Amino acid sequence: MKRLLAYILLSAVLSSLCTALAVAPGESVSVAVYDNRLGRYASASAAPVVGLTLDGGRIESADVPAVIWESRTLVPVRLAGECLGAQVRWSAETNQVTLRRGGDTIVLTAGLAEAMVNGETVTLPDGVPALVMKRGGAERMMVPLRFVAEQLGATVEWVQGSYTAAMYSPPALESGQVMDVIADANAQTVLIATNYYAPYRVLDFGDRVVVDILGARLAGGFPGRIEVDNELLCAVR
């Protein structure tokens, strides 16, 4: 059996969960885009908000939401990338974001309408580049949703009635096991131990939070439900 490699603290996940947007999908928010040539933000403009779902569960950003910009849906790169099981790294020195999933690597540069995909240059759809966008005091690197999702093996459908981009997860990269789940009521944490580097996503369904360990199965001996009973959680199942 492999040595336990990945540990996920549920308390950290819970502390980073996004709150609901104040603006409904289809309505507009005021955002400003950073102009890399001028070295400053342009004047704020109105952009329609886009709802996001992943495998039917709603995902949301607490500050800069997904928006329509120049006919394309742009989303915060970390929100989309990590939900789809990718590692996301931002470099302030190069203004680049790198997404890695399995053997695939995508590099996008703020303000550039091209991306590097597995070492090859690819033109972004409609020439809409990745952008640094600001709403209020929050700044986020925004990337074209469909391009990034499809490069990571996911699919995206547009739902006009709810003004929503519906994402569907890519196939699991590998099969591993969840070896143990340990609740610590005093520390208000839940430890999930796996025997491989486990990509994961978090979905908030209101009455419960789902931590989906992609490509994993439960090792034997899990009781099915663990009572936690603290200020944040009542149980894990």
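Guide: Let's start with a term: a salt bridge is a side-chain nitrogen of Lys or Arg within 4 Å of a carboxyl oxygen of Asp or Glu. What you see is a predicted model, where local features need pLDDT of at least 70 and side-chain atom pairs count only at pLDDT 80 or more, while totals for chains, interfaces and linings use all residues. Residues are numbered from 1 along each chain as its sequence is written, and side-chain values use heavy atoms, with hydrogens and water left out.

Visitor: What makes Arg-37 and Asp-35 a salt bridge?
Guide: Their side chains come to 3.7 Å, N to O. That is inside the limit, so the pair counts. Side chains of opposite charge can pair when their charged atoms come close.

Visitor: How do you know whether Arg-37 is buried or exposed?
Guide: By relative accessible area: under 20% is buried, over 50% is exposed, and in between is partly exposed (1.4 Å probe, protein chains only). Arg-37 has 80%, so the label is exposed.

Visitor: And why does Asp-35 get its label?
Guide: Asp-35 has 18% relative accessibility, so this residue counts as buried.

Visitor: What about Arg-58 and Glu-60, why is that pair called a salt bridge?
Guide: The N-to-O distance is 3.1 Å, so the cut-off is met. Arg-58 is partly exposed at 32%, and Glu-60 at 23% counts as partly exposed too.

Visitor: What makes Arg-72 and Asp-126 a link between distant parts of the chain?
Guide: They are 54 residues apart: Arg-72 sits in strand β8 (residues 72–76), Asp-126 in the loop between β13 (120–123) and β14 (131–135). Their side chains meet at 2.9 Å, N to O, so this is a salt bridge as well. Arg-72 is partly exposed at 23%, whereas Asp-126 is exposed at 57%.

Visitor: How many salt bridges does a search of the whole structure find?
Guide: Seven.

Visitor: How do you know what counts as a strand or a helix?
Guide: Both are DSSP runs numbered from the N terminus: helices are H or I with at least four residues, strands are E with at least two. By that rule the protein has three helices and 24 strands.

Visitor: What makes β9 an edge strand?
Guide: Two strands pair if DSSP finds at least two bridges between them. β9 (87–91) has a single partner strand, so one side is left without a neighbour in the sheet, and β13 is placed likewise. The sheet is open, with five strands in the order β9-β10-β11-β12-β13 and antiparallel pairing.

Visitor: How do you know that β9 and β10 pair?
Guide: Five bridges join them in the antiparallel sense, so the pairing rule is satisfied. Gln-87 stands opposite Arg-100 in β10. At the other edge, β12 and β13 pair over four bridges, with Val-117 opposite Glu-120. These two strands form a hairpin with two residues between them, and Asn-118 in the turn has a positive phi of about 50°.

Visitor: What is the order of the sheet of four strands?
Guide: β6-β5-β17-β16, an open sheet with mixed pairing. The edges are β6 (57–59) and β16 (155–159), each pairing on one side only. β16 and β17 (residues 164–168) run antiparallel, joined by five bridges, and Glu-157 stands opposite Ala-166.

Visitor: What makes a set of residues a nonpolar core?
Guide: The members are buried Ala, Val, Leu, Ile, Met, Phe, Trp, Tyr and Cys residues joined through side-chain atoms within 4.5 Å. The largest such set has 38 residues, and those with the most contacts inside it include Leu-52, Leu-99, Leu-145 and Phe-147. Elements supplying at least two residues each include β5 (51–54), α2 (77–83), α3 (145–151) and β17. Apart from this core lies another, of 15 residues, among them Val-29, Val-49, Leu-131 and Ala-138.

Visitor: Which residues is Leu-145 in contact with, neighbours within four places aside?
Guide: Contact means heavy atoms within 4.5 Å. Leu-145's partners are Leu-52, Thr-73, Val-75, Ala-80, Val-156, Ala-165 and Met-167.

Visitor: How many of the protein's residues are buried, as a percentage?
Guide: Buried residues make up 43% of the 237.
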